[in-house]
Amino acid sequence: MPLVDSSDDVLKHIVDESPSPERVLLSRQELALLQATLNQIPERPREVFLARLEGKTFAEIGRTMGISPQSAFSQMLKVMMHLKAALDRTHE
């Protein structure tokens, strides 16, 4: 890689990795949609989903909530499918 002589040349080689204003707006809209969708999900599956986001295992979630790990996994899967469907509708 050649050395550059001026600061203007250095700036030309720096890649701006920040998202565009349009991408920021779309991301904020998607987050708002996901939050609204998550708020519509019944409490128990929502708790499973949030616990999993916190890094808890399905076994830990099951013990805490008094359900089997398989049930915790099933509820998590349903929430994820519901959230994906909401996002898919916005991209149509």
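Let me begin with helix α4, where Phe58, Ile61, Gly62 and Met65 are buried, and please keep in mind that what we are looking at is a predicted model. If we look down the axis of α4, the buried residues fall within an arc of 100°, so they line one face of the helix. On the other side of α4, Arg63 and Thr64 are exposed. A general point helps here: an α-helix has 3.6 residues a turn, so residues three or four places apart point the same way.

What do the buried residues of α4 pack against? Their partners are α3 and α5. Just after α4 comes Gly66, which takes a positive phi of about 70°.

That brings me to the core. The largest nonpolar core has 13 residues, and among those with the most contacts inside it are Leu38, Val48, Phe49, Ile61, Ala72, Val79 and Leu83. At least two residues of this core come from each of α3 (43-53), α4 (58-65) and α5, and α5 gives the most, with 4 residues. Ala72 may serve as an example: once its neighbours within four places in sequence are left aside, Ala72 is in contact with Val48, Phe58, Ile61, Gly62 and Ile67.

Finally, let me turn to the surface, where Phe73, Leu77 and Met81 form a nonpolar patch with about 300 Å² of accessible area together. Met81 sits in helix α5, which covers residues 69-90. Is Met81 buried or exposed? With a relative accessible area of 52%, Met81 is exposed, because the cut-off for that word is over 50%. In soluble globular proteins, by contrast, nonpolar side chains tend to be buried together.

Conventions
Residues numbered from 1 in each chain as written. Predicted model: local features only at pLDDT ≥ 70, side-chain atom pairs only at ≥ 80, totals over all residues. Heavy atoms only, no water. Patch = residues over 30% accessible without salt bridge, like charges linked within 9 Å, V, L, I, M, F, W, Y side chains within 5 Å. Areas by Shrake-Rupley, 256 points an atom, 1.4 Å probe, with all protein chains shown as cover. Salt bridge = Lys/Arg side-chain N within 4 Å of Asp/Glu carboxyl O. Buried < 20%, exposed > 50% of the residue type's maximum accessible area, 1.4 Å probe, protein only. Core = buried A, V, L, I, M, F, W, Y, C linked by side-chain atoms within 4.5 Å. Contact = heavy atoms within 4.5 Å. Arc of directions from axis to C-beta.
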